[in-house]
Amino acid sequence: MAYKLMAVDIDGTLLDSKGNLTEETEKAIRLGVEKGLIFTISTGRPVQGVQAFIDKLDLDLPVITYNGAMVIMGKSKEVLYQCTMDPKDAREVIDLGEKYGTSIMVWADNKLFANRLNERAYEYSKISGVMPVLMEDVEETISQGVLKILWYDEVETIKKYQKDIGKYISRNINYHTSQPYFLEFVDKNASKAKAMEKIGEYFGIDRSEMIAVGDGFNDLSMIEYAGLGVAMGNASNEIKERADYVTLTNDENGLAHVIYKFVLDTV
């Protein structure tokens, strides 16, 4: 099979455990692109949070952001797909988060709003690359079109929320962890798999010609959608069991191994 598109998660996949893009992985990506591969970053981050990688690779690659709620071309900023939450659903998630007393981050109109400008809000802003704005008027924030809502809390607390909230929120909402301390909410029509489908439609690529590589639960949809779903060696057993192939860890250049083996046929 000649694979034409590869979608990869960032943390735990593209980057090593120190948050670095290694020379070996960058070299493999460039070799794949030279062969015609469409390389796609797939993340829960906003486009601002991946701009450094876009600049480093210097490619106008399609970027899956907000866990699939937006697909945008990295350089031209052309939006290929966007899916905002229903205002009623967004309000439901925000109200429930306030009831629980958790830290809430809301992405609307590519801006970051927080219910409290506390340590967690600023810590999250370091990851996203966007400074938070206090969400003073919830309805006004929601009216801008909510792409994603994130709860930031202790790991055990997030586990409890994830277990309990299904009975309180709309079935039109997808929710999952991206990191053990982040619980993220998007519209049911927003997922990394749906984003890959939209990119496939745009470029004329069938899902059988796609590879998806990830390590987190928010990567499962694309791992199961792609013709070749790959779990990193550092992924949990549940993710590995649902993948077609398990590569090396992110500290062993696992992503580069996938490119050499399945795109360049040199392994």
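1. The largest pocket is the place to start. Its lining comprises 30 residues. Those nearest its centre are Thr-177, Ser-178, Gln-179, Pro-180 and Asn-218. Five elements each give two or more residues to this lining: α1 (10-14), α5 (119-128), β9 (146-152), α7 (155-164) and β11 (182-187). The largest share comes from α7, with four residues. Note that this is a predicted model, so please read each point below in that light.

2. Volume and make-up of the same site. The largest pocket has a volume of about 500 Å³. Sorted by class, its lining holds twelve nonpolar, ten polar and eight charged residues.

3. Ser-178 deserves a closer look. This residue is among those nearest the centre of the largest pocket. It sits in the loop between β10 and β11. Its side chain makes a polar contact with the side chain of Glu-184, at 2.4 Å. Beyond the neighbours within four places in sequence, Ser-178 is in contact with Glu-184 and Asn-218. Asn-218 is also listed among the residues nearest the centre of the largest pocket.

4. The second largest pocket has a volume of about 180 Å³. Its lining consists of Asn-67, Asn-174, Tyr-175, His-176, Ser-191, Lys-192, Phe-217, Asn-218, Leu-220 and Ser-221. Two elements give two or more residues here, namely β10 (173-177) and α9 (220-225). The most comes from β10, with three residues. The class count is three nonpolar, six polar and one charged.

5. Asn-218 links the two sites in this description. It lines the second largest pocket, and it lies by the centre of the largest pocket, as one of the residues nearest to that point. It is also a contact of Ser-178.

6. Next, strand β1 (residues 5-8). Which residues point which way from β1? Leu-5 and Ala-7 point one way, while Met-6 and Val-8 point the other way. All of these are buried. The strand has two partners to check. Four bridges join β1 to β2 (residues 38-42), and the two run parallel. Four bridges also join β1 to β12 (residues 210-214), again in parallel. Val-8 shows both pairings: Ile-41 stands opposite it in β2, and Val-213 is its bridge partner in β12.

7. Ile-199 belongs to helix α8 (residues 192-203). Why is Ile-199 counted as buried? Its relative accessibility is 1%, and buried means under 20%, so Ile-199 falls in that class. Setting aside neighbours within four places in sequence, its contacts are Leu-5, Thr-40, Pro-62, Ile-64 and Val-71. One of these, Leu-5, is a buried residue of β1. Thr-40 falls within the range of β2, residues 38-42.

8. A spacing to verify on screen. Ile-199 and Phe-185 are 14 residues apart in sequence. Their C-alpha atoms are 22 Å apart in space.

9. Helix α11 (residues 254-263) closes the list. Nine of its ten residues are buried, so the helix is largely enclosed by the rest of the structure. The buried residues are Gly-254, Leu-255, Ala-256, His-257, Val-258, Ile-259, Tyr-260, Phe-262 and Val-263. Just after α11, Asp-265 takes a positive phi of about 55 degrees.

Notes. Residues are numbered from 1 along each chain as its sequence is written. This is a predicted model: local features need pLDDT of at least 70, side-chain atom pairs count only at pLDDT 80 or more; totals for chains, interfaces and linings use all residues. Side-chain values use heavy atoms; hydrogens and water are left out. On a 1 Å grid over the protein atoms alone, a cavity is a set of points where a 1.4 Å probe fits but cannot get out, and a pocket is an open set with protein on both sides within 12 Å along at least five of seven lines; lining residues have an atom within 4 Å of a point. Grid points are joined across faces, edges and corners, and a volume is the space filled by probe spheres set on the points. Ala, Val, Leu, Ile, Met, Phe, Trp, Tyr, Cys and Pro count as nonpolar, Asp, Glu, Lys and Arg as charged, and the others, Gly among them, as polar. A polar contact is a pair of N or O atoms within 3.5 Å; within protein, one must be able to donate a hydrogen and the other to accept it, and residues adjacent in sequence count only if both atoms are side-chain atoms. Contact means heavy atoms within 4.5 Å. Buried means under 20% relative accessible area, exposed over 50%, partly exposed in between (1.4 Å probe, protein chains only). Two strands pair if DSSP finds at least two bridges between them.
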